[in-house]
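I opened my notebook to jot down what I looked up in this model, one topic at a time. Here is the structure, followed by my entries.

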Amino acid sequence: MRTYCFKLYASKKNQNLKNKINIAGIIYNHCVALHKRYYRLFHKSLNKFALQKHLNKLKHREKFSYWNQIPSHAIQDITERVSRAYKLFFENLKRKVKTAPPRFQKVKKYKSFSYNMVGKNIIIGNQIKIAGDYYKFFKSREVNGSIKLLTIKRDSLGDLYVYVVSDESSKIIEARSGKIVGLDFGLKTFLTSSEGDHIESPLFFRKSSSKIKKLSKRLSRKKSNSHHERARIELARAYKKIYNQRRDFHYKTSLNLCREYGVICLETLNLKGMQRLWGRKISDLGFYSFVQILKYEAFKHNVVVIEIPKYYPSSQICSQCGYKNPEVKDLRVRSWKCPECAAEHDRDINAAKNILRVGASTFRGDDVRPVSAGSCC
């Protein structure tokens, strides 16, 4: 399976699609209301098949006849979204995880609808058939295979995108190198490799923070609806630019790593704990998004990605002799000297070497013995 993303041309005709997305939002809120009412009366979760049957009856009433503007399979997909959300909610309750049930959505902020019975030959040139009508899109590549799922999505700027899922099998490219590398995440340096290379943190949000602050102030002062909407779009455009810059950086970095190495070893990050300590900076770096993109590129290039255990003290262990120095737990210590073997270490490079050692042992299937403080292995 492969997913293609295309942007639709901006035209007056696109208002029809936006209205259909609004209808999908109304149906979503109706499903949430039915779930809440059913649980309040019977203390049970509503079955999605019973919900679909009920919605099918409502469509034939004059009051809800406008629901027929979107495909029936799109309505089924909405019921499945709500059912999955409630299933996750009840599972989290059993696991005693802090959670909340699905909430009502603002119709104007509802983003997408999907359906899978799309038919054949829905793409003709640079036009695509969506819910019975043809729309022009920016065709950057050919869609191979038969289309299994089609999703229409709008962003905060009001731009429309179409996501096409086909049954094309992804072509795997052979790895260009058999080298193995360990990578350590950082705050000042985005990545440090076991070979001593550094990739600096771009921090796109920090660079644009003054502009974001200025646009946010301008938005808060607008009173007229037309002026308020214009200021909101300007702010949304600035945020989208930051998102695109960060995503472009993640893709290019991942691609360069996959072209150079055959095995990549990473540390598993405790992102929630890091966000409590450093807050916005962790979100600006986008470590989670980078790891997901790296795994995607690694799959295409036949590269192995190994994640070592989350709480492995990679920074505290001497990569030469294995001595564990608890004083290095203080992040202000950027370089240190091993009291056992007198080896001098840069904090990040030493951590990357330890990540490489553990990852290589995992790749070979060896057991890595935990190192206690003051011991040497």
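A term before I start: a crossing of two helices is left-handed if the near helix is turned anticlockwise from the far one by less than a right angle, and right-handed if clockwise. I also keep in mind that this is a predicted model.

**Entry: two helices crossing**

Which hand does the crossing of H2 and H3 have? I noted it as right-handed. H2 covers residues 48-58 and H3 covers residues 72-94, and their axes come within 10 Å, crossing at roughly 145°. I then listed who meets whom. From H2 come Lys48, Leu51, Gln52 and Leu55, and they meet Ile75, Gln76, Thr79, Glu80 and Ser83 of H3. Sorted by kind, the residues of this contact are 3 nonpolar, 4 polar and 2 charged.

**Entry: the sheet**

Next I traced an open sheet of 4 strands, whose order is S1-S7-S6-S2 with antiparallel pairing. S1 and S2 (112-115) stand at the edges with a single partner strand each, so each has one side without a neighbour in the sheet. From one strand to the next, the twist averages 15°.

How many bridges join S6 to S7? I found 7, with the two strands running antiparallel. For a single pair to look at, I picked Lys153, whose bridge partner in S7 is Tyr161.

**Entry: salt bridges**

I counted 13 salt bridges in the structure and wrote up three of them.

My first pick was Lys7 with Asp159, where the closest N and O atoms are 3.7 Å apart. This pair links distant parts of the chain, 152 residues apart: Lys7 sits in S1 (residues 2-7), and Asp159 sits in the loop between S6 (147-154) and S7 (160-166). Is Lys7 buried or partly exposed? Lys7 counts as partly exposed because its relative accessibility is 33%, and the cut-off for buried is under 20%. Asp159 is partly exposed too, with a relative accessible area of 22%. I also saw that the pair belongs to a wider arrangement: Lys7, Asp155, Asp159 and Lys240 are linked in a network of salt bridges.

My next pick was Arg218 with Glu234, and here the closest N and O atoms are 3.2 Å apart. Arg218 lies in H5 (residues 209-221) and Glu234 in H6 (residues 225-260), so this salt bridge ties together parts 16 residues apart in sequence. Arg218 is partly exposed at 33% relative accessibility, and Glu234 is partly exposed with a relative accessible area of 30%.

My last pick was Arg246 with Asp284, with 3.1 Å between the closest N and O atoms. Because Arg246 lies in H6 and Asp284 in H8 (residues 280-285), the pair ties together parts that are 38 residues apart in sequence. Are Arg246 and Asp284 buried or exposed? I have both down as buried.

**Entry: one glutamate in a helix**

I closed with Glu297, found in H9 (residues 287-300). Its relative accessible area is 6%, so Glu297 is buried. Which residues does Glu297 touch, not counting those up to four places away in sequence? I listed Tyr251, Ser254, Leu255 and Cys258.

Methods
Residues numbered from 1 in each chain as written. Predicted model: local features only at pLDDT ≥ 70, side-chain atom pairs only at ≥ 80, totals over all residues. Heavy atoms only, no water. Axes fitted to C-alpha atoms, helices over the stretch in contact; angles between N-to-C directions. Contact = heavy atoms within 4.5 Å. Nonpolar A, V, L, I, M, F, W, Y, C, P; charged D, E, K, R; others polar. Salt bridge = Lys/Arg side-chain N within 4 Å of Asp/Glu carboxyl O. Buried < 20%, exposed > 50% of the residue type's maximum accessible area, 1.4 Å probe, protein only. Pairing = 2+ DSSP bridges.
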